[in-house]
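Open the model in your viewer and keep the sequence panel beside it. This tour goes stop by stop: select, look, move on.

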Amino acid sequence: MPAVSKGDGMRGLAVFISDIRNCKSKEAEIKRINKELANIRSKFKGDKALDGYSKKKYVCKLLFIFLLGHDIDFGHMEAVNLLSSNRYTEKQIGYLFISVLVNSNSELIRLINNAIKNDLASRNPTFMGLALHCIANVGSREMAEAFAGEIPKILVAGDTMDSVKQSAALCLLRLYRTSPDLVPMGDWTSRVVHLLNDQHLGVVTAATSLITTLAQKNPEEFKTSVSLAVSRLSRIVTSASTDLQDYTYYFVPAPWLSVKLLRLLQCYPPPEDPAVRGRLTECLETILNKAQEPPKSKKVQHSNAKNAVLFEAISLIIHHDSEPNLLVRACNQLGQFLQHRETNLRYLALESMCTLASSEFSHEAVKTHIETVINALKTERDVSVRQRAVDLLYAMCDRSNAQQIVAEMLNYLETADYSIREEIVLKVAILAEKYAVDYTWYVDTILNLIRIAGDYVSEEVWYRVIQIVINRDDVQGYAAKTVFEALQAPACHENLVKVGGYILGEFGNLIAGDPRSSPLIQFNLLHSKFHLCSVPTRALLLSTYIKFVNLFPEIKTTIQDVLRSDSQLKNADVELQQRAVEYLRLSTIASTDILATVLEEMPPFPERESSILAKLKKKKGPGTVTDLEEIKKERNPDMNGCAEPTTPSPTAVDLLGLGAAPVTNSAPPPSSAGTLLVDVFADPASAVAPLAPGSDDNFASPDLTSSEVVSEEPADTVHDADELFHKFVCKNNGVLFENQLLQIGLKSEFRQNLGRMFIFYGNKTSTQFLNFTPTVICSDDLQSSLNLQTKPVDPTVDGGAQVQQVVNIECVSDFMEAPILNIQFRYGGTFQNLSVKLPITLNKFFQPTEMSSQDFFQRWKQLSNPKQEVQNIFKAKHPMDAEITKAKIIGFGSALLEEVDPNPANFVGAGIIHTKTTQIGCLLRLEPNLQAQMYRLTLRTSKEAVSQRLCELLSEQF
């Protein structure tokens, strides 16, 4: 790179930066910047042509001002002119300005592309490097369209200098990541692979990054890279640190290149060629051997580089999973790191061993470290390391050590960090079921689990234990006896009461022969917990009582007295009241035979995949240790089957987590036909809970019946839900729509003329939605003003599940309407069709602007044309609270200007609406009249239609 001459010091820039640093206040800084901007603007507009040095200096100042956080709206053309200079420093500043400030949609992009093409064709390596860096930094689709075909030619050309090859490879990688469809695969792909043999290691490093990314999408195209990567890796691994002096980092030869080559090899299976495979095995053995050697330096950089190569090598060994000797050696090496003083190494060792535990060759070797892992669980200070220890125990568990591991997890659970308790509970429940030789141990474990961490035991866990008890006759009596004893504790968790109520209601007769657990004692024990429980648990206990009427006729009168009491028949909760009335009536008029038929034992549940395992996978996400279950099942075919109860209708849950008030479904847990724990007397309609009346976000759920959204033909009606729509004017997150089937939530963010909206669709039922098709519809006028790009969603939405759709938004020009979101799907064989307005409004593209009082009223007077002002006087719809009003004005998007209006009771705001084609300044003034409970809102912008629309939107907020 050329040296900067003495004349390029730019003293004026240094003085300006010094002035900014010496400013005592924000106001002084803004004043100095405005003065400088005015000076630069006058220089650019002056009659006298500026020389290259002056242009460079002023462009540098603009760049510095932008980096301080101020908007720059001029100087772009001068920066483009610098690109045509033959001086390096001037061209460099021009490219730097463009890389940072020029939008990919700028009108100047064609001029910039022409300048870049000239530099790429110049064959001057310095200028080519600057051009390639600019392309990579901008990385826009327009850049990809212009240069994606040119850069590969530069990369594989024989006369291209090494430094340019490096830049070209990384530039092409950037374009491929942003616009993979625009990078053509061609003859250059076979030639770029041979860059792995290049003498310059910098070129090899850049080419390896490029090839790795390309090979992930097009593995066949780059299959020949495997042998070349192994050859290059072998040369690096076997070389002394002095052989690659320029690329040796603290005595470790080319560590970054080694890691990249190992990652490239993980894109492919083990090499088929025996010679290549043998050479790769030698490389991996050498890396493992070097890890055992004493360190050549005590500095942390040496150990970091050495361990980076080692862990990547172990990842490759695990990926290939074909060399038992290497797998065992890798496991032993990781075992040494488990007690290392460096926390990060312990974490990485535990994480890698989790994956090793899934291999049939290394599983036994991993198990030998069980005591070390258990000790880490007890003594480790870092919670993330403890979590990896839990994962490793879960992964290494099999029938031989299941009881030890479950016992250790239960012991740890009592002191575990709250953030990982639910995950540990799920893992203990899965392991206890999967490796239970004796199901009495399983029942004891789950009840102990509820006792220790009842708040973290999800419904799936206690549903599961009930299902297993019902399906296995040999454990029913033991389960009844165990839960009866557990319920005698003075303080029982509610989940234990649920399990006890259900099991005693089904199998209490198996222990009734013991005077210590007679029918009356069982009933009194359960009823003593009744008043401490929530409504769903009380509902389940009432079902248990009616079961007792059938099982134990001798206590029928006692139970009827309880059902007849005012606290039941006149209960404020309609579900409990209905159960009490119906159960009392049934016990009074039904004959013994009818009672025995209606209240017979639950039939066995069908065997399915465990819902607990599904919940753990969902909680941990893809690519984690839970994804190894299928592999372990193949290795351990004697695992117990994992049957799953169908989970209950999740209408009581706020699926989106956006603040809707939770709804309590008072029905007990449901049955195998559609729910798990059945209540034979429940009204089928009660399976769908009523809607939440409101939310934390002060939303009122739209009062929509199913008839409003169900039709066999697409509905013309749009569920405007005006109150909800208008509340999104001043906020970006919340529930947009909700009925008994579907909940729609939004989270959105906007910056200048761009925005992104996440739409969450939650299935509130237990039945799949099929052919689920959400479509965003814009009118013809709106399409020209608003560009919307939507990503497709899965056409099947499982019961209780949630899917997400991303909408990318670009405001081209001002608009008045809102897009329509149309949703069509099939539910239970019936076609559903609904439409709602998407709250994409003009004010979302506001950027707040701070102004002084003088500037505000000066600008206010400039916008005095009658067509530029819109005024609305209206009655207040909400209490006139000053703090809420301020929050709404800020939420609307404008800056709230304090101490600007002479009347302190008035509210004044300023901002700029950003669109692709123009920027529209906006000033607003809100004058409240507390006595008359009225407002006067005045908006002034440079466009009448914009003033009108903003006035309409803001008036609805007060």
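**Stop 1: α1 against α3**

Select α1 and α3, which cross in a right-handed sense. Bear in mind throughout that this is a predicted model. On the α1 side, show R11, G12, L13, F16, I17 and I20. On the α3 side, show Y53, K57, C60, K61, F64 and I65. These residues make the contact between the two helices. Colour them by class: the contact of α1 with α3 has eight nonpolar, one polar and three charged residues.

Now check the geometry. Helix α1 covers residues 11-21, and its axis comes within 9 Å of the axis of α3. The two axes cross at roughly 20°. Angles under 35 degrees count as roughly parallel. α1 and α3 are therefore roughly parallel to each other.

**Stop 2: α2 against α3**

Keep α3 on screen and add α2. Helix α2 spans residues 26-45 and helix α3 spans residues 52-67. How do these axes cross, and within what distance do they come? They cross at roughly 145° and come within 11 Å. The crossing of α2 past α3 is left-handed.

Select I33, E36, L37, N39, I40, K43 and F44 for the α2 side of the contact. From α3, add Y58, V59, K61, L62 and I65. By class, the residues of the contact of α2 with α3 are eight nonpolar, one polar and three charged. Pause on K61 and I65 of α3. Both belong to the contact with α2, and both also appear in the contact with α1.

**Stop 3: S85 in its loop**

Move along to S85. It is in the loop between α4 (76-82) and α5 (88-101). Is S85 buried or exposed? Its relative accessible area is 13%, so S85 is buried. The cut-off for buried is under 20%. Display E90 and K91 as well: S85 touches both, leaving aside residues up to four places away in sequence.

**Stop 4: the five-stranded sheet**

Jump to the strands. Select β3, β4, β5, β8 and β7. They form an open sheet in the order β3-β4-β5-β8-β7, with antiparallel pairing. Look at the edges, where β3 (734-738) and β7 (786-790) stand. Each has a single partner strand, so one side of each is left without a neighbour in the sheet. Ignoring direction, neighbouring strands here are turned by 25° against each other on average.

Zoom in on β4 (residues 742-751) and β5 (residues 754-763). This pair is antiparallel and runs over ten bridges. For a landmark, select Q743, which stands opposite G762 in β5.

**Stop 5: the three-stranded sheet**

Next, show β6, β9 and β10. These three strands make an open, antiparallel sheet in the order β6-β9-β10. β6 (769-777) and β10 (830-837) are its edge strands, each pairing on one side only. Neighbouring strands in this sheet are turned by 15° against each other on average, direction ignored.

Select β6 with β9 (residues 820-827). Seven bridges join them in the antiparallel sense. Here T773 stands opposite Q824 in β9.

**Stop 6: β14 and its partners**

Centre on β14, residues 907-914. How many of its eight residues are buried? Seven are, which leaves the strand mostly covered.

Add the partners one by one.

- β11 (residues 846-848) pairs with β14 in the antiparallel sense over three bridges. Find Q847 opposite I912 in β14.
- β13 (residues 895-896) pairs with β14 over two bridges, also antiparallel. Find L896 opposite G909 in β14.
- β15 (residues 919-929) runs antiparallel to β14, and eight bridges join the two. Find I913, whose bridge partner in β15 is I920.

Then trace the chain from β14 into β15. A hairpin joins the two strands through four residues.

**Last stop: the whole chain**

Zoom out. The chain has 40 helices and 16 strands. Of its 958 residues, 52% count as buried. Finish with a contact map. Among contacts between residues at least 6 apart in sequence, 70% join residues at least 24 apart.

Conventions. Residues are numbered from 1 along each chain as its sequence is written. This is a predicted model: local features need pLDDT of at least 70, side-chain atom pairs count only at pLDDT 80 or more; totals for chains, interfaces and linings use all residues. Side-chain values use heavy atoms; hydrogens and water are left out. Axes are lines fitted to C-alpha atoms, for helices over the stretch in contact, and angles run from 0 to 180 degrees between N-to-C directions. A crossing is left-handed if the near helix is turned anticlockwise from the far one by less than a right angle, and right-handed if clockwise. Contact means heavy atoms within 4.5 Å. Ala, Val, Leu, Ile, Met, Phe, Trp, Tyr, Cys and Pro count as nonpolar, Asp, Glu, Lys and Arg as charged, and the others, Gly among them, as polar. Two strands pair if DSSP finds at least two bridges between them. Buried means under 20% relative accessible area, exposed over 50%, partly exposed in between (1.4 Å probe, protein chains only). Angles under 35 degrees count as roughly parallel, over 145 as roughly antiparallel, 65 to 115 as roughly perpendicular and the rest as oblique.
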